[in-house]
Amino acid sequence: SPPSIAAMVTACARTANGGSNSASLTALKGEDYEVLCRDHEELVALGATYKKFNGRSKIAYLNEMQRIVQRWEDLLANDSTKGGLYLDVERNAFFRDMKLSPGDYRSLMKRVHDQMRNDATDSIEAQKSPRPEN
């Protein structure tokens with residue numbers, strides 16, 4: 001079953017605040033983590049107006065979100081770096097709060113982003129179609 005809205009809010013709040021100890025995580029992962037958090041936060045804030053975007057802007061937004069997801073994957077995949085265990089604890093707390101496994105979360109996000117991309121593409125195609133004359 002999908003995660004509840006309350007679980008998603010809790011998990012996102014934990015992530016937005018850098019987990020249980022943002023200063024420790026920043027010290028462990030360095031500037032890359034801070035920059036990625038800021039970039040992700042800014043993109044999510046921009047997404048608050050997603051509904052008002054035209055089709056091409058929606059595609060551009062989704063492309064940028066895909067880049068952010070890849071940056072997170074790259075950062076979190078490198079568990080051999082100092083702080084890997086700390087990241088595992090934070091990551092596990094995030095997925096526990098979401099009530100999803102990491103694979104289920106990725107699958108859900110892929111389905112959501114694919115649907116959003118399809119909707120944006122459909123809106124671009126609809127704009128290209130000639131409108132019937134009255």
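A salt bridge is a side-chain nitrogen of Lys or Arg within 4 Å of a carboxyl oxygen of Asp or Glu. The exercises below apply this and other terms to a predicted model, in which local features need pLDDT of at least 70 and side-chain atom pairs count only at pLDDT 80 or more, while totals for chains, interfaces and linings use all residues. Residues are numbered from 1 along each chain as its sequence is written, and side-chain values use heavy atoms, with hydrogens and water left out.

**Exercise 1. The overall plan**

Task: Describe which helices and strands the protein chain has, and state what percentage of its residues is buried.

Solution. Begin with the elements, where helices (H or I, at least four residues) and strands (E, at least two) are DSSP runs numbered from the N terminus. The protein chain has six helices and zero strands, and its pattern along the sequence therefore reads α-α-α-α-α-α.

Next, turn to burial, where buried means under 20% relative accessible area, exposed means over 50%, and partly exposed lies in between (1.4 Å probe, protein chains only). Of the 134 residues in the protein chain, 30% are buried.

Finally, consider contacts, meaning heavy atoms within 4.5 Å. Among the contacts in the protein chain with a separation of 6 or more, 71% join residues that are 24 or more positions apart.

**Exercise 2. Salt bridges within helices**

Task: Find how many salt bridges the whole structure has, and work through the pair K110 and D114 together with two further pairs.

Solution. A search of the whole structure gives four salt bridges. In general, side chains of opposite charge can pair when their charged atoms come close.

Take K110 and D114, whose closest N and O atoms are 2.6 Å apart. Both belong to helix α6 (residues 102-128), and because they are four residues apart there, about one helical turn separates them. K110 is exposed, with a relative accessible area of 53%, whereas D114 is partly exposed at 33%.

Now take K128 and E125, which form a salt bridge with closest N and O atoms 3.6 Å apart. They too lie in helix α6, three residues apart, which is about one turn of the helix. K128 counts as exposed at 53% relative accessibility, and E125 as partly exposed at 41%.

The last pair to work through is E64 and R67, with closest N and O atoms 3.0 Å apart. These residues lie in helix α4, three residues apart, about one turn of the helix. E64 is partly exposed, with a relative accessible area of 30%, and R67 is partly exposed as well, with 46%.

**Exercise 3. A charged residue without a partner**

Task: Locate K58, decide whether K58 is buried or exposed, and find the nearest side chain of opposite charge.

Solution. K58 is found in helix α4, which spans residues 55-77. For charge, Lys and Arg count as positive and Asp and Glu as negative, while His and the chain ends are not counted. K58 is buried yet has no salt bridge, and the nearest side chain of opposite charge, D119, is 7.4 Å away. Leaving out residues up to four places away in sequence, K58 touches Y50, K51, F53 and A120.

**Exercise 4. The nonpolar cores**

Task: Identify the largest nonpolar core, state which element gives it the largest share, and follow L43 within it.

Solution. A nonpolar core is a set of buried Ala, Val, Leu, Ile, Met, Phe, Trp, Tyr and Cys residues joined through side-chain atoms within 4.5 Å. The largest such core has 12 residues, including Y33, L43, Y50, F53, Y61 and I68. Helices α3 (31-46) and α4 are the elements that give two or more residues to this core, and α4 supplies the largest share, six residues. A second, separate core has five residues, among them F94, F95, L100 and L108. In soluble globular proteins, nonpolar side chains tend to be buried together.

Now follow L43, whose place is in helix α3 and which is buried, with a relative accessible area of 8%. Not counting residues up to four places away in sequence, L43 touches Y61, E64, M65 and I68. The C-alpha atoms of L43 and I68 are 8.8 Å apart, although these residues are 25 residues apart in sequence.
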